[in-house]
Amino acid sequence: MTMTPAQAPQPEVEIVQVDATGAARLAVVVRCLETTRLGARFRCTSQDGHDVDLVLAEIRRYPKVTVDEVDPPHGARLVLTGAGTDDLHIEPGDVLRGTNPAA
């Protein structure tokens, strides 16, 4: 059975640590609050009020182990890509909510 994006669980992660930003790339360590899949999309707002669209490009559970999804209550290192990541002010405790791709 194929789910539509509206039927797919909505990804939700809490930022634990910001590893790196720059060059349209944001790497963060997170605690998963709702199942989050590779390709998930998140919309954030920059400090100057512009929308920044991010796409989840990598989920790393361990230094050499990448996976397609992470579920609660696990943690992971996520790499998000999108123009404008340099303008975001993401800090520990922030919660990102988005849309998972259809299964």
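Which residues does Asp 94 touch, not counting residues up to four places away in sequence? In this predicted model, the list is Val 13, Glu 14, Ile 15 and His 89. Asp 94 itself sits in the loop between strand 8 (75-81) and strand 9 (95-99). Its side chain reaches back to the backbone nitrogen of Glu 91, at 2.9 Å. With a relative accessible area of 24%, Asp 94 counts as partly exposed, because buried would need a value under 20%. Another pairing to look at is Asp 94 with Val 30: they are 64 residues apart in sequence, yet 9.7 Å apart in space, C-alpha to C-alpha.

Glu 14, one of the residues touched by Asp 94, has a salt bridge too. Its partner is Arg 31, and the closest N and O atoms are 2.5 Å apart. This links distant parts of the chain, since Glu 14 belongs to strand 1 and Arg 31 to strand 2, 17 residues apart. Both ends are partly exposed: Arg 31 has a relative accessible area of 38%, and Glu 14 has 22%.

How many salt bridges does a search of the whole structure find? The count is seven. Among them is the pair Arg 77 and Asp 19, with closest N and O atoms 2.8 Å apart. Arg 77 is in strand 8 and Asp 19 is in strand 1, so this bridge ties together parts that are 58 residues apart in sequence. Here again we have partly exposed partners, Arg 77 at 24% relative accessible area and Asp 19 at 33%.

Next comes Arg 37 with Glu 69, where the closest N and O atoms are 3.6 Å apart. Strand 3 holds Arg 37 and strand 7 holds Glu 69, and 32 residues separate the two. Arg 37 is buried, at a relative accessible area of 14%, while Glu 69 is partly exposed at 39%. Elsewhere, Arg 43, Asp 51 and Asp 53 are joined into one network by salt bridges that share partners.

Now for Thr 36, which lies in strand 3 (residues 36-37). Is Thr 36 buried or exposed? It is buried, with a relative accessible area of 0%. Leaving out residues up to four places away in sequence, its contacts include Pro 11, Val 13, Phe 42, Leu 56, Glu 69 and Asn 100. The side chain of Thr 36 also reaches the backbone oxygen of Glu 34, at 2.8 Å.

Phe 42 and Leu 56 turn up again in the largest nonpolar core, which has 20 residues; along with Val 28, Leu 54, Leu 78, Leu 80 and Leu 96, they touch the most other members. Strands 1, 2, 4, 5 and 8 each supply at least two residues of this core. Leu 80 gives a good view of the packing: beyond its neighbours within four places in sequence, it contacts Val 28, Phe 42, Leu 54, Leu 56 and Leu 96, and also residues including Ala 24 and Arg 25.

That brings us to some backbone geometry. Most residues other than glycine have a negative phi, and most peptide bonds are trans. Ala 24 has a positive phi, near 60 degrees. This residue is in the loop between strand 1 and strand 2 and is partly exposed, at 34% relative accessible area. The peptide bond from Pro 72 to Pro 73 is cis, with omega near 0 degrees. Pro 73 is found in the loop between strand 7 (69-70) and strand 8.

Technical notes. Residues are numbered from 1 along each chain as its sequence is written. This is a predicted model: local features need pLDDT of at least 70, side-chain atom pairs count only at pLDDT 80 or more; totals for chains, interfaces and linings use all residues. Side-chain values use heavy atoms; hydrogens and water are left out. Helices (H or I, at least four residues) and strands (E, at least two) are DSSP runs, numbered from the N terminus. Buried means under 20% relative accessible area, exposed over 50%, partly exposed in between (1.4 Å probe, protein chains only). Contact means heavy atoms within 4.5 Å. A polar contact is a pair of N or O atoms within 3.5 Å; within protein, one must be able to donate a hydrogen and the other to accept it, and residues adjacent in sequence count only if both atoms are side-chain atoms. A nonpolar core is a set of buried Ala, Val, Leu, Ile, Met, Phe, Trp, Tyr and Cys residues joined through side-chain atoms within 4.5 Å. A salt bridge is a side-chain nitrogen of Lys or Arg within 4 Å of a carboxyl oxygen of Asp or Glu.
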